[in-house]
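Let's take a walk through a protein together. Keep the picture handy and look up each residue as it comes along.

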Amino acid sequence: MTEHDGDRPEAADAPDAPDESSMPMVHALVRVRGALQDTRLPLELPGAEEQRASRAEMIDQLEDYVIPRLMTLDAPLLAVVGGSTGAGKSTLVNSIVGTRVTTPGVLRPTTRSPVLVHHPDDAHWFGQDRLLPDLERVQRQTNDPAALQLVSSPAMTPGLAILDAPDIDSVEERNRVLAAQLLAAADLWLFVTSAARYADQVPWDFLRKAAERSAAVAIVLDRTPPDAVDTITTHLARMLASRGLKDSPLFTVEEGEVSEMGLLRSSAVIEIRQWLQALADDQEARAAVVQQTIDGAVRTLARHTHIVADAATEQADAVRRLREDANAAYDRAEVAVAEASADGTLLRGEVLARWQEFVGTGELLKSLETRVGWLRDRVVNAVKGKPQQAERVTVAVESGLETLILEHAEAAAERAEASWRGTAAGQILLRDAGEDLGRASRDFRRRAERVVRDWQSDVLEMVRTEGADKRSTARFLAFGVNGLSVALMVVVFAHTAGVTGAEAGIAGGSAVLGQKLLEAVFGDQAVRSLAERAKRRLEASVSDLLDSERRRYTDLLDSLQISPEAPERLRKAARKVDDLRFAATRPSAVAESVSESGDTAP
């Protein structure tokens, strides 16, 4: 290439304000980028890894190329030279420019930063806020892949920049990732392969992506033996045509000597040089290449956004199902504890034995039909002086209730774990949980003990408060508040559908005795109210306790930060892009799109 002699206005003086007609699309794509950034696909569902990679590539392309390019449509054409290891990319770039601007790698893999060569007048187009903004701009040679070497050369044609990218098949993953990122930021892919490597799979994977998004691509068959040019180019041309790239220019560079400057002879690359220079000189042709690549990228981004939205829907559905399974397991446990603590189940074994020791089951039970006054005296004698017996009942209740809660907490954990193990995503979550979720927490028994004791203290306080203003019950409160609270617990444990003699009889008359004892002190209505309040408090305390166990599962799901609204945000953003694309095909498209975007600032 030769330096132009002033026949075009200097690029440095050209305005580079964003084209207003492109701003509605810029705003729409900014929304797509935001929706993609807010979408998480952490669950290991079928195809999730592929969609995570696709999402990351889309965000990179939006930030590296599409959005900056739409805002600087007048910027020079960026031709990214990429290809296989050992294809001779750097030598080709130097030869096209006509001087040494990038250093060929001698050792493989070559680890160095990408090099962007441009005319001095075009330097302002490649600042940090333009294409590839995450790459640091440097003016020196460096091996840092996070830096972009800017080389200003008067040998370059204004309006054209060439970027020498790392190998797409490098053994260094960082090189491969960077190469893919750079190729996705190209207006024009100058894809370099060799006679020995042109049929390799990796280059064709990249070319397939280029064809899918209608990117402008030119192929350079480098280092080709002269006697094999016809055979190889014919075969390569057929391969390109069969893969949707039949219109891509195909250039051949024969194998030849390299000068001391590291350049091929000028005649070997003259055809490529003239073709690039013609594109740079022809503003309409240059704009057509840029528009072709931009349109293809936007169309592909919109289509793939819907695919990512589908993947996000699958993630949200999987989280919903896992959450429902965990909730069902612990809801079932809450119901079971509530039923077992009110249907007489607890009035057996140790609790029943200690209660009968406390109140007796002979004459006292028979005397329930006699007058209340005599009953009061008899009960006082039975209760008075028996604090140890009352305490034994309390301890038995505490132990029985703790055991009941623990059994159902363990069962809930087992059910939840079993349901999660039925899915691949659930298995991975369980594996990475950091604890055995199939068992209750290690400190659950201790917390259950505290809950039961706190409830017993609440019951005691309820009895004390209820009798505080009843002079007629002062003797009972003075001598038997603990015993009355025990009686209230016994009534609660047979409280299903209200306490009646027939229903409470399931517990062998124990609840009947407690009921009558309390009624003798507080009256029928007060006892019913006390029993209902005590039952509600117990159920609330157990619910809070089991919820803390449930959260071991639900907190795992919450930590995934999967938003149920994310799929619709993605689809809405993609539909807006498609609407603008379709509107652009109508004569009044620009006016309509500008009007619609009046309040669409990102």
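We'll begin with the whole chain, then visit its cores, and then stop at a few helices and a strand.

Before anything else, bear in mind that this is a predicted model. The protein chain holds 20 helices and eight strands. It has 602 residues, and 51% of them count as buried. What about the outside? The chain exposes about 27600 Å², and carbon and sulfur atoms supply 50% of that area. Now think about who touches whom: take the contacts between residues at least 6 apart in sequence, and 79% of them join residues at least 24 apart.

Next, let's go inside. Which residues touch the most other members of the largest nonpolar core? They are Leu29, Val66, Ile162, Leu163 and Ile272, in a core that counts 101 residues. Helix H8, which runs over residues 283-340, gives this core its largest share, with 11 residues. There is also a second, separate core of 74 residues, and Leu346, Leu406, Val542 and Leu545 are among its members.

Pick out Ile272 from the largest core and look around it. Setting aside neighbours within four places in sequence, Ile272 is in contact with Leu92, Ile96, Leu190, Val220, Phe251 and Val253.

Now slide along to Val337, which also takes us back to helix H8. Is Val337 buried or exposed? Its relative accessibility is 2%, so Val337 counts as buried. Beyond residues up to four places away in sequence, Val337 touches Leu404, Ile405, His408 and Val542. That last partner, Val542, is 205 residues from Val337 in sequence, yet their C-alpha atoms are 8.0 Å apart in space. You may remember Val542 as a member of the second core.

Here's a glutamine to compare with those nonpolar residues. Gln61 has its place in helix H2, residues 48-71. With a relative accessible area of 9%, under the 20% cut-off, Gln61 is buried. What does its side chain find in there? A polar atom of the Gln61 side chain lies 3.1 Å from the backbone oxygen of Ala184. Ala184 also appears among the residues that Gln61 touches, leaving out those up to four places away in sequence; the others are Val66, Arg213, Ala297 and Leu301. Val66 is a name we've met already, as one of the residues touching the most other members of the largest core.

Another glutamine, Gln456, sits in helix H14. At 7% relative accessibility, Gln456 counts as buried. Its side chain reaches the backbone oxygen of Thr394 at 3.0 Å. Not counting neighbours within four places in sequence, the contacts of Gln456 are Thr394, Val397, Glu398 and Met489.

While we're on helix H14, let's try a bit of ruler work. How long should this helix be? H14 has 24 residues, 444-467, and at 1.5 Å a residue they should span 34 Å; the end C-alpha atoms are 35 Å apart, so the two values agree. Several residues of H14 are buried, including Phe444, Arg447, Trp455, Gln456 and Met462.

A second helix to look at is H13, covering residues 424-431, and Gly426 is found there. Gly426 has 0% relative accessibility, so this glycine counts as buried. Apart from neighbours within four places in sequence, Gly426 is in contact with Leu322 and Trp420. Leu45 is 381 residues from Gly426 along the sequence, while the C-alpha atoms of the two are 9.9 Å apart in space. Which residues of H13 are buried? They are Ala425, Gly426, Leu429 and Leu430. They cover an arc of only 135° around the axis, so they lie on the same side of H13.

Last stop: a strand. Glu254 lies in strand E8, residues 250-254. Its relative accessibility is 32%, which means that Glu254 counts as partly exposed. Glu254 touches Thr224, Pro226, Val229 and Arg265, once residues up to four places away in sequence are left out. Thr224 is 30 residues from Glu254 along the chain, and their C-alpha atoms are separated by 4.5 Å.

Terms used:
Residues are numbered from 1 along each chain as its sequence is written. This is a predicted model: local features need pLDDT of at least 70, side-chain atom pairs count only at pLDDT 80 or more; totals for chains, interfaces and linings use all residues. Side-chain values use heavy atoms; hydrogens and water are left out. A nonpolar core is a set of buried Ala, Val, Leu, Ile, Met, Phe, Trp, Tyr and Cys residues joined through side-chain atoms within 4.5 Å. Buried means under 20% relative accessible area, exposed over 50%, partly exposed in between (1.4 Å probe, protein chains only). Helices (H or I, at least four residues) and strands (E, at least two) are DSSP runs, numbered from the N terminus. Contact means heavy atoms within 4.5 Å. The expected span of a helix is 1.5 Å times one less than its number of residues. A polar contact is a pair of N or O atoms within 3.5 Å; within protein, one must be able to donate a hydrogen and the other to accept it, and residues adjacent in sequence count only if both atoms are side-chain atoms. The arc is that of the directions from the helix axis to the C-beta atoms. Accessible areas come from the Shrake-Rupley method with a 1.4 Å probe; for residues, only the protein chains shown count as cover.
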